[in-house]
Amino acid sequence: MKRLILLVLFAFGLSKVTMAADFAGKGTLTEHTFKHKGVEYNYWLYRPSNLPADAPFVMVFHGYGARKIPTLQYGFNLVADKHGFAVCYPCGPADPAGNRYWSIGYKYHIQENLMRDDVGFTVKLVQHLQHEYGFSKKNVFAAGYSNGGAMCYLLAYKTPKKFAAFGAVAGHIMKYMYDRLTPNAVPIIEIHGTKDSLARWNGDPHNNDLRGADIAIPCVTALWVSANRCTHEEVEILPQRRNKVVAHRFVGGKNGNQVWLYEIIDGKHAYAAKDLDTTVEIWKFFSMYLQ
């Protein structure tokens, strides 16, 4: 019967099922499509075995240039197996060069930005997953790398009540966001290398890569520290693997909110898996806000 169900799913194109041997994790990974305002998106959904009802789930946003299947290498499936949450990997449509991305306002995507509502898509997809699978309406989290990290910040600005916390790795805030949008009191963790050549630690006020100006990472953190009205900073040097990692944890915020910045000394534009257990640290942060 299970084989017959899988064949039916393939025949009608509702989803494609990838068995556990093809990816890290012991659960089930399925591929789906979802339309929003005439634009078709793909997403992958990972569900651990014996996932409880009303389970938490994490939306994981890929970086610019992702191809067919995004972000499985980040290790969220293994962490989800251990802690009992689902993972959704949405995939942004491709630009004319064939690179999948999230529409956060890059200048070289002006035409595509006019046709895309990725924030609206995310909200609708979250609601669909909650209705279809019975996932939690409170314990929803957003994580992302690079362009996906910037997407998390845009969601933190525009949809703060939809997510319990946000996590960005090598993320950034565009200057237009800083100028036009108002930050909300939401928990955020950023993991970032000081020698990141794309999302520069000191920002890019001159639009050197034609993407658009963005602000310095310490300023990004200060923005959310202020919005959350955090009162103290706790500093920890994490056990060193490759580069030194300094954890800045700003505490005492509104509703118990914290803002964390993991400063990777000499770290480059990467998911930082060689420097620390990045995904484990993100879930450790998220888990403080489970309800």
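Which residues of the largest nonpolar core touch the most other members? In this predicted model, they are Met59, Ile104, Leu129, Ile173 and Trp224, out of 48 residues in that core. Helix H5, residues 147-158, is the top contributor, giving eight residues to the core. A second core lies apart from it, with 36 residues, including Tyr46, Phe76, Val79 and Trp283. As background, nonpolar side chains in soluble globular proteins tend to be buried together.

Let's zoom in on Ile173. Leaving out residues up to four places away in sequence, Ile173 touches Tyr153, Tyr157, Tyr178, Asp214, Ile215, Val220, Leu223 and Trp224.

One name on that list, Asp214, deserves its own look. Asp214 sits in the loop between strand S8 (188-193) and helix H7 (217-228). Is Asp214 buried or exposed? Its relative accessibility is 4%, so Asp214 counts as buried. As for a polar partner, the Asp214 side chain makes a polar contact with the side chain of His172 at 3.2 Å. With residues up to four places away in sequence again set aside, Asp214 touches Ile173, His172, Met174 and Lys175, along with Gly203, Asp204 and Pro205.

Now over to helix H2, residues 76-83. Its buried residues include Phe76, Asn77, Val79 and Ala80. Why do they end up on the same side of H2? They span an arc of only 165 degrees around the axis, and that puts them on the same side of the helix. Turned away from that buried side is a face carrying the exposed residues Leu78 and Lys82. And what covers the buried residues of H2? The cover includes strands S3 (39-47), S4 (57-61), S5 (86-91) and S6 (140-145), plus helix H8 (278-287). Two of the buried H2 residues, Phe76 and Val79, are also among the members of the 36-residue core.

Finally, some backbone oddities. Gly84, just after H2, takes a positive phi of about 75 degrees. Asp54 and Ala272 have positive phi values too, although neither is a glycine. Here are those two, with their loops and accessibility:

| Residue | Phi | Place | Relative accessibility |
|---|---|---|---|
| Asp54 | about 60 degrees | loop between S3 and S4 | 48%, partly exposed |
| Ala272 | about 70 degrees | loop between S11 (259-264) and H8 | 5%, buried |

So Asp54 counts as partly exposed at 48%, while Ala272 counts as buried at 5%.

Notes
Residues numbered from 1 in each chain as written. Predicted model: local features only at pLDDT ≥ 70, side-chain atom pairs only at ≥ 80, totals over all residues. Heavy atoms only, no water. Core = buried A, V, L, I, M, F, W, Y, C linked by side-chain atoms within 4.5 Å. Buried < 20%, exposed > 50% of the residue type's maximum accessible area, 1.4 Å probe, protein only. Helix = DSSP H or I, 4+ residues; strand = E, 2+ residues; numbered from the N terminus. Contact = heavy atoms within 4.5 Å. Polar contact = N/O pair within 3.5 Å; in protein donor to acceptor, adjacent residues only side chain to side chain. Arc of directions from axis to C-beta.
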